[in-house]
Amino acid sequence: MKGVKWLGTLLCLTGICLTSFNVYPINIILSLIGSVLWTWAGWAQKDIPLFLVEAVAVIFYIAGVIALFY
């Protein structure tokens with residue numbers, strides 16, 4: 001679990017950094033993967049607030065990825 005959380009953190013922070021420099025669309029992709037990992041960690045640890053925040057972030061990131069193609 002610890003490795004999943006660290007990888008999720010690294011991906012989310014990289015996505016934030018890329019967003020700061022307007023590097024698109026890889027910023028959304030990396031943030032999406034990081035948030036999926038954190039959503040899973042929240043679920044596995046029964047941490048409902050963490051799960052909820054990350055699940056909503058995943059929904060928004062997926063909407064952003066869909067918007068890339070339309």
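1. A word on terms to begin: helices (H or I, at least four residues) and strands (E, at least two) are DSSP runs, numbered from the N terminus. With that in hand, P25 can be placed in the loop between α1 (2-20) and α2.

2. Please keep in mind that this is a predicted model, in which local features need pLDDT of at least 70, side-chain atom pairs count only at pLDDT 80 or more, and totals for chains, interfaces and linings use all residues. Residues are numbered from 1 along each chain as its sequence is written, and side-chain values use heavy atoms, with hydrogens and water left out.

3. Now the overall picture. The protein has three helices and zero strands, and reading along the sequence gives the pattern α-α-α. Its radius of gyration is 12 Å, close to the 11 Å that the globule rule gives for 70 residues, so the protein is as compact as a globular protein of that length. Here the radius of gyration is taken over C-alpha atoms, and the globule rule is 2.2 Å times the number of residues to the power 0.38. Along the principal axes, the C-alpha atoms fill a box of roughly 35 × 20 × 15 Å.

4. How much of the protein is buried? Buried residues make up 31% of the 70 residues, where buried means under 20% relative accessible area, exposed means over 50%, and partly exposed lies in between (1.4 Å probe, protein chains only). The accessible surface comes to about 4800 Å², and 78% of that belongs to carbon and sulfur atoms. Such areas come from the Shrake-Rupley method with a 1.4 Å probe, and for residues only the protein chains shown count as cover.

5. Contacts tell you how the chain comes together; contact means heavy atoms within 4.5 Å. Of the contacts with a separation of 6 or more, 50% are accounted for by residues 24 or more positions apart.

6. The loop between α1 and α2 deserves a good look. The peptide bond from Y24 to P25 is cis, with omega near 10°. In the same loop, between α1 and α2, you will find N22, which has a positive phi of about 60° although it is not a glycine. Most residues other than glycine have a negative phi, and most peptide bonds are trans. N22 is exposed, with a relative accessible area of 66%.

7. The loop between α2 and α3 (48-68) holds K46. K46 also is not a glycine and has a positive phi, of about 55°. At 70% relative accessibility, K46 counts as exposed.

8. Which residues form a nonpolar patch on the surface? They are F21, V23, I26, I29 and I33, with about 420 Å² of accessible area together. Patches are made of residues with over 30% relative accessible area and no salt bridge, with like charges joined within 9 Å and nonpolar side chains (Val, Leu, Ile, Met, Phe, Trp, Tyr) within 5 Å. One member, I26, lies in helix α2 (residues 26-44) and is partly exposed, with a relative accessible area of 39%.

9. My favourite stop is E54, in helix α3. E54 is buried yet has no salt bridge, and the nearest side chain of opposite charge, K5, is 12 Å away. A salt bridge is a side-chain nitrogen of Lys or Arg within 4 Å of a carboxyl oxygen of Asp or Glu; for charge, Lys and Arg count as positive and Asp and Glu as negative, while His and the chain ends are not counted. Leaving aside neighbours within four places in sequence, E54 is in contact with S35, W38 and T39.

10. W38 is found in helix α2 and counts as buried at 18% relative accessibility. W38 and E54 are 16 residues apart in sequence, and their C-alpha atoms are 6.4 Å apart in space. Not counting residues up to four places away in sequence, W38 touches K5, G8, T9, C12, L50 and E54.

11. Helix α2 is also the place of S31, which is buried with a relative accessible area of 4%. Its contacts, leaving aside neighbours within four places in sequence, are L11, C12, G15, I16 and Y61.

12. Finally, two exposed residues to find. I59 lies in helix α3 and is exposed, with a relative accessible area of 56%; K2 is in helix α1 and counts as exposed at 63%. K2 and I59 are 57 residues apart in sequence and 24 Å apart in space, C-alpha to C-alpha. The C-alpha atoms of I59 and V36, 23 residues apart along the chain, are separated by 9.8 Å.
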